[in-house]
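Welcome! Take a moment to turn the molecule around on your screen, and then let's walk through it together.

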Amino acid sequence: MREFSRRQIFGLGMGAAAALSVAGCSSSGSSASGEVDTKPGQTPSGKPIGDGSTAYTGKQPHQPPAPQKLEPGQKPPQFVVFSWDGAGEVGNGLFPRFRKLARDHNASMTFFLSGLYLLPESKKRLYRPPNNRIGASDIGYLNDDHIKETLKNVRAAWLEGHEIGTHFNGHFCGTGSGSVAHWTSAQWDSETAQAMDFVTKWRTNTGFTDLDPLPFDYTKELVGGRTPCLLGQDNLLPTARKRGWRYDASSPGGIQVWPTKKHGVWDFPLQKMPFPGHSFEVLSMDYNILANQSKNSTKGPPANYPRWRKQATDAYIAGFKRAYETNRAPFFIGNHFEQWNGGIYMDAVEEALKHIADDRHKDVRLVSFRQLCDWLDAQDPQVLAGLRRLGVGQRFSGRD
């Protein structure tokens, strides 16, 4: 998969490269993808919505029981959210690989789907990105086979209990006027509406007739997203609130403390986590680790891969351990379906998830952002306020 043409660096006081925000989604490839478990006709198609691209199939399967309120002084569960930007299957088998990993470890995840991944390049003029030419995109349009594989995997993921959020469309970063950093709230509203259209009208836009609809009403399913390169959150939030979103996951440089709301929307930032071998901390996303290891190159010296893989794995585990053993703040890990530096970051996140899900770690919950919102919204505000007073690494002193 090709690398994006523009990257964005933020000064967060973590070292020159440590504060580099992620740029990453993927573009199209040519090889066949891994097998998808859910086949057309295997589950009821439900009540069609619109052109039949989506359908109402009832309550989402494989959801946790209703959240229970914490008592004052009671230790909270350790929530961990694994999320994926772009969420396209382009022939590398990564989407089904991590769906299987989630099934094996009773995990739910959030997949931030790029709406453009369901729009054929032949229809690119339907996309009108703010402050950019019609049809422009800083990520590649997928070919027909990869659009189909993406649809199959998104459908299967929802049926397995995962959340489908949005990563918007064209992934415009950089510093020019076309960057999402400069979009107004009205422009974010337009971008969001288009992303939803591409998801809910894929049947019209592609002409595909051999696939089942996505088994959810996206107008109700979509309750949060992550912006490209973690840019533009301030102007996105008024739009998110107007649309009834419950959270946004676009903040860079958060710390491992209990979350708060901005504009009435839960703010779930990527967090600074310990970075073994360094005095600074690194954001909890694969590309940010890469930026510090291979200086933005996605093809660094192969001789370094074993060491870098272990360093990435140890960073995720250190971030989890710090929260689990102290304030129990939810831990957020961001990823891309990419084979950067020989796929070491995919291996690292898999090993980290297996470590976190180990039976030795009691009361750990691997959830989606939406499920975390459910739990937070069910809690007594005073109890949450008490949790927020715990700093990074400050041990929980209440009863277990």
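How many salt bridges does the structure hold? The answer is 25. Please keep in mind that this is a predicted model, and that the values below were computed from it.

**The chain as a whole**

Before we look at single pairs, here is the setting. The chain contains 11 helices and 12 strands. It has 400 residues, and 59% of them are buried. If you take the contacts between residues at least 6 apart in sequence, 76% join residues at least 24 apart.

**Three salt bridges**

The table lists three of the salt bridges, with the distance from N to O.

| Residue | Partner | Distance, N to O |
|---|---|---|
| Aspartate 189 | Lysine 242 | 3.5 Å |
| Arginine 309 | Aspartate 347 | 3.5 Å |
| Aspartate 363 | Arginine 365 | 3.9 Å |

Let's start with aspartate 189 and lysine 242, whose side chains meet in a salt bridge. This pair links distant parts of the chain: aspartate 189 sits in helix α3 (residues 185-200) and lysine 242 in helix α6 (residues 233-242), 53 residues apart. Are the two partners buried or exposed? Aspartate 189 has a relative accessibility of 19%, so it counts as buried. Lysine 242 has a relative accessible area of 59%, so this residue is exposed.

Next come arginine 309 and aspartate 347, which also form a salt bridge. Here, too, distant parts of the chain are linked: arginine 309 belongs to helix α8 (residues 305-324), aspartate 347 belongs to helix α9 (residues 340-356), and their positions lie 38 residues apart in the numbering. Arginine 309 is partly exposed at 29% relative accessible area, and aspartate 347 is partly exposed at 26%. This pair belongs to a network of salt bridges that links Arg97, Arg309, Asp347, Glu350, Glu351 and Lys354.

The last pair in the table is aspartate 363 and arginine 365. Aspartate 363 is partly exposed, with a relative accessible area of 40%, and arginine 365 is partly exposed as well, at 35%.

**Helix α6**

We met helix α6 as the home of lysine 242. Which residues of α6 are buried? They are Gln233, Leu236, Leu237, Thr239 and Ala240. These buried residues pack against α3, β6 (247-248), β7 (261-262) and β8 (265-267). After α6 comes glycine 244, which has a positive phi, near 80 degrees.

**How α7 meets its neighbours**

Now find helix α7 (residues 286-293), which packs with α9 at an angle of about 135 degrees, the axes being 10 Å apart. Why is α7 called oblique to α9? An angle over 145 degrees would count as roughly antiparallel, and 65 to 115 as roughly perpendicular; the angle here makes α7 oblique to α9. On the α7 side the contact is made by Asp286, Tyr287, Ile289, Leu290 and Gln293, and on the α9 side by Trp340, Asn341, Ile344, Tyr345 and Met346. The crossing of α7 past α9 is right-handed.

Helix α7 also packs with α8, at an angle of about 135 degrees and with the axes 11 Å apart. That makes α7 oblique to α8. The crossing of α7 past α8 is right-handed. In this contact, Asp286, Ile289 and Gln293 of α7 meet Trp308, Gln311, Ala312 and Tyr316 of α8.

**Two residues in loops**

To finish, let's visit two loops. Glutamine 60 lies in the loop between β2 (54-56) and β3 (78-86). With a relative accessibility of 14%, glutamine 60 counts as buried. A polar atom of its side chain lies 2.7 Å from the backbone oxygen of histidine 162. Setting aside residues up to four places away in sequence, glutamine 60 touches Trp158, Gly161, His162 and Glu221.

Where is lysine 124 found? Look in the loop between β4 (110-113) and α2 (144-159). Lysine 124 counts as partly exposed, at 34% relative accessibility. Not counting neighbours within four places in sequence, lysine 124 is in contact with Leu119, Gly135 and Tyr141. The C-alpha atoms of lysine 124 and alanine 136 are separated by 7.8 Å, and the two residues are 12 residues apart along the chain.

Technical notes: Residues numbered from 1 in each chain as written. Predicted model: local features only at pLDDT ≥ 70, side-chain atom pairs only at ≥ 80, totals over all residues. Heavy atoms only, no water. Salt bridge = Lys/Arg side-chain N within 4 Å of Asp/Glu carboxyl O. Helix = DSSP H or I, 4+ residues; strand = E, 2+ residues; numbered from the N terminus. Buried < 20%, exposed > 50% of the residue type's maximum accessible area, 1.4 Å probe, protein only. Polar contact = N/O pair within 3.5 Å; in protein donor to acceptor, adjacent residues only side chain to side chain. Contact = heavy atoms within 4.5 Å. Axes fitted to C-alpha atoms, helices over the stretch in contact; angles between N-to-C directions. Parallel < 35°, antiparallel > 145°, perpendicular 65-115°, else oblique. Left-handed = near helix turned anticlockwise from the far one by under 90°.
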